[in-house]
Amino acid sequence: MPDSRVPATSDPQAFELGGTSQLRQCGIPCPACRAEMVFCELGTNEFAGCVSCKGMMFQQPVFARVSQRLRNQAQLPKLIPSPMDARELKVRRRCPTCGGRLETHAFCGPGNAIIDTCFPCGVIFLDAGELTKLVQAAGK
Ligand SMILES: [Zn+2]
Ligand SMILES: [Zn+2]
């Protein structure tokens with residue numbers, strides 16, 4: 001059985017938790033590193049991914065579906081969340097769509113992952129590794 005946790009950096013088309021990309025550019029710069037993001041899929045859900053830093057950007061309703069589904073699968077080992085890194089909360093980024101400031105906050109739920117949200121646009125940006133953290137977190 002293939003291991004979906006192979007480090008994503010080895011393949012530009014591979015993203016976390018089985019996400020894949022055809023490397024078709026979507027014209028949106030990555031909020032973290034400014035590289036142009038590409039259209040990606042995770043199952044039947046679309047997201048924009050950054051080939052360079054492996055950040056992932058979701059529409060809010062898509063993100064809700066994806067995180068719920070992945071957590072329900074529960075095939076990943078559950079981990080006790082590591083303490084949140086408060087420094088991450090100080091990173092200020094701009095929304096690549098509207099130019100407004102992304103709200104950086106802890107994901108409401110277990111996992112202590114830091115996510116960036118643009119509420120007016122309804123998009124969520126996750127740094128590489130954050131989605132895995134959310135899914136692996138023990139608890140409900
Ligand atoms: Zn990036
Ligand atoms: Zn925005």
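**Notebook: a seven-strand sheet and its helices**

I started at the hairpin end: strand 1 and strand 2 run antiparallel and are joined by 4 bridges. For the record, I take helices (H or I, at least four residues) and strands (E, at least two) as DSSP runs, numbered from the N terminus. I call two strands paired if DSSP finds at least two bridges between them. The model is predicted, so local features need pLDDT of at least 70 and side-chain atom pairs count only at pLDDT 80 or more, while totals for chains, interfaces and linings use all residues. Residues are numbered from 1 along each chain as its sequence is written, and chains are lettered from A and ligands numbered from 1 in the order in which they are written.

**Entry 1: the overall layout**

I counted 2 helices and 7 strands in the protein. Along the sequence I read the pattern β-β-β-β-α-β-β-β-α. I then looked up burial: 35% of the 140 residues count as buried. My cut-offs are 20 or more other C-beta atoms within 10 Å of a residue's own for buried, 12 or fewer for exposed, and partly exposed in between, with C-beta atoms placed from the backbone. Contacts came next, where two residues touch if their C-beta atoms, placed from the backbone, lie within 7 Å. Among contacts with a separation of 6 or more, 43% come from residues 24 or more positions apart.

**Entry 2: hairpins, one by one**

Back to strand 1 and strand 2: Gln-25 has Val-38 in strand 2 as its bridge partner. This hairpin has 6 residues between the strands, and Arg-34 takes a positive phi near 75° there.

Next I followed strand 2 (residues 36-42) into strand 3 (residues 45-49), an antiparallel pair with 5 bridges. Phe-39 is bridged to Ala-48 in strand 3. With 2 residues between the strands, this hairpin has Gly-43 at a positive phi near 65°.

Strand 3 also joins strand 4 (residues 56-59), antiparallel, through 2 bridges. Here I found Ala-48 opposite Met-57 in strand 4. This hairpin has 6 residues between its strands, with Lys-54 in the turn at a positive phi of about 65°.

**Entry 3: a closer look at Lys-54**

Is Lys-54, in the loop between strand 3 and strand 4, buried or exposed? I get 23 C-beta neighbours inside 10 Å, so Lys-54 counts as buried. I also checked Glu-16, 38 residues away along the chain from Lys-54: their C-alpha atoms are separated by 8.2 Å.

**Entry 4: the whole sheet**

In what order do the 7 strands sit in the sheet? I read 1-2-3-4-7-6-5, an open sheet with antiparallel pairing. Strand 1 (20-29) and strand 5 (103-106) stand at the edges with a single partner strand each, so one side of each has no neighbour in the sheet. On average, neighbouring strands of this sheet are turned by 35° against each other, direction ignored. Strand 4 continues antiparallel to strand 7 (residues 123-126) through 4 bridges, and Phe-58 stands opposite Ile-124 in strand 7.

**Entry 5: helix 1 on the sheet**

Helix 1 (residues 60-73) packs on the sheet and touches strand 2, strand 3, strand 4 and strand 7, its direction making about 105° with that of strand 4. Axes are lines fitted to C-alpha atoms, for helices over the stretch in contact, and angles run from 0 to 180 degrees between N-to-C directions.

I tested the length of helix 1: at 1.5 Å a residue, its 14 residues should span 20 Å, and the end C-alpha atoms are 20 Å apart, which agrees. The expected span is 1.5 Å times one less than the number of residues.

Which residues of helix 1 are buried? I list Phe-63, Val-66, Ser-67 and Leu-70. They cover an arc of only 95° around the axis, which puts them on the same side of helix 1; the arc is that of the directions from the helix axis to the C-beta atoms. An α-helix has 3.6 residues a turn, so residues three or four places apart point the same way. The buried residues of helix 1 pack against strand 2, strand 3, strand 4, strand 7 and helix 2. On the face turned away from that buried side I found Pro-61, Ala-64, Gln-68 and Asn-72 exposed.

**Entry 6: helix 2**

My last stop was Leu-134 in helix 2 (residues 130-136). Leu-134 is buried, with 23 other C-beta atoms within 10 Å. Asn-112 lies 22 residues from Leu-134 in sequence, and 7.6 Å away in space, C-alpha to C-alpha.
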